[in-house]
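Me: Please take a close look at one part of this model, the nonpolar interior and the aromatic contacts around it. I should like a single connected account.

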Amino acid sequence: MIANLPMYLWPANIAAHDRLWALIRDGLRGRGIAAPDSLDYITNHMDGWARPDQVLSMICNLPYRAQFRGKVTLIGAGDYALAGVAPGYYHSVFVVRADDPAASLAEASAYPMAINEPLSNSGWGMPQQYALSQGLSLNAVLRTGAHRESLRAVVEGRADLAALDGITWLNMQRWEPLAARAKVIGHTHATPGMTFVTAARQDPVPYFAAISDAIASLETADRELLNLRGIIALPDAAYDIPLPPYPANFPV
């Protein structure tokens, strides 16, 4: 069995993730649910979501909608207290280089865009949906594999636009020096944020309780390192969002 919390890991907050897991683990065990001693930092999160012995993970809502609906059990969305969105939701920010003249997505939508993955809600799903709502289209040309690498691609001039998870952007402003060389020119509409999941066909209630109690028990310093304020139960219908098309002219 494995557990991982892969979405907002930074060197500066790994120890805080470990302490959060220790609290969740003990809460699960106290409720009769077997849980591993420590988090798994090796297994790829996509592989972990598919495992029947997955005790706990967090999933992005686009992979959930596209590949894992019915294959995992939703527990609740993490509340990272992102300004301007409802608890349990998040948005993406559009960034360009700090000296770029563009001040809005309308001025930058045709720019060569870096995205971490076509199956990323924050890197492609939300940005594409928002652009369509504004009568715009995006020119995704570069796959980077990670939001930090998308930021790097923009700063280094290999792309001129990227969309970054809003919570990741907050972390970048704390811990990534390259963030000072970029600026935000807008943000997407909000969708459900990173969501705690366990293996399919489980009762989510004891998991929700264990996670909620663990977050409430975090030391203030760890809560600030993780930006995590709580867990929000969202209906499955909240994830009923159309799947985005594969980016045009993008390498398969």
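**Rings, cores and the open sheet**

Reply: In this predicted model, the charged end of R148 sits over the ring of W10, at 4.0 Å from the ring centre. R148 falls within helix α6, which spans residues 147–155 and in which H147, S150, L151, A153, V154 and V155 are buried. Just after α6, G157 adopts a positive phi of about 85°.

The interior may be described next. The largest nonpolar core has 46 residues, and L20, W21, L28 and L56 are those that touch the most other members. At least two residues of this core come from each of α1 (14–30), β2, α3 (61–68), β3 (72–79), β11 and α8 (204–217). In soluble globular proteins, nonpolar side chains tend to be buried together. For L20, leaving aside residues up to four places away in sequence, the contacts are L5, A214, I215, L218, L226 and L228. Another core, of 18 residues, lies apart from the largest one and includes Y130, L138, I185 and F250.

Strands β2, β3 and β11 also belong to an open sheet of five strands, ordered β1-β2-β11-β3-β12, with mixed pairing. Its edges are β1 (2–3) and β12 (230–232), each of which pairs on one side only. Within the sheet, β2 (residues 54–59) and β11 (residues 195–199) are antiparallel and joined over three bridges. In this pairing M58 stands opposite F196 of β11.

The aromatic pairs complete the picture. With ring centres within 6.5 Å as the criterion, the count comes to five aromatic pairs. One of them joins Y64 and Y239: the ring centres are 5.4 Å apart and the planes meet at 70°, so the pair is edge-to-face, given that planes over 60 degrees apart count as such. Because Y64 lies in helix α3 and Y239 in the segment after β12, this pair ties together parts that are 175 residues apart in sequence. Both Y64 and Y239 are buried.

F94 and Y130 form a tilted aromatic pair, with 6.0 Å from centre to centre and 40° between the planes. F94 is in strand β5 (residues 92–97) and Y130 in helix α5 (residues 121–133), so the contact ties together parts that are 36 residues apart in sequence. Burial here is judged by a limit of under 20% relative accessible area. F94, at 1% relative accessibility, therefore counts as buried, and Y130 counts as buried at 18% relative accessibility. Y130 is also among the members of the 18-residue core.

Note on methods
Residues are numbered from 1 along each chain as its sequence is written. This is a predicted model: local features need pLDDT of at least 70, side-chain atom pairs count only at pLDDT 80 or more; totals for chains, interfaces and linings use all residues. Side-chain values use heavy atoms; hydrogens and water are left out. Two strands pair if DSSP finds at least two bridges between them. Helices (H or I, at least four residues) and strands (E, at least two) are DSSP runs, numbered from the N terminus. A nonpolar core is a set of buried Ala, Val, Leu, Ile, Met, Phe, Trp, Tyr and Cys residues joined through side-chain atoms within 4.5 Å. Buried means under 20% relative accessible area, exposed over 50%, partly exposed in between (1.4 Å probe, protein chains only). Contact means heavy atoms within 4.5 Å. Rings of Phe, Tyr and Trp (its six-membered ring) pair if their centres lie within 6.5 Å; planes under 30 degrees apart count as stacked, over 60 as edge-to-face and the rest as tilted. A charge sits over a ring if NZ of Lys or CZ of Arg is within 6 Å of the ring centre and within 35 degrees of the ring normal.
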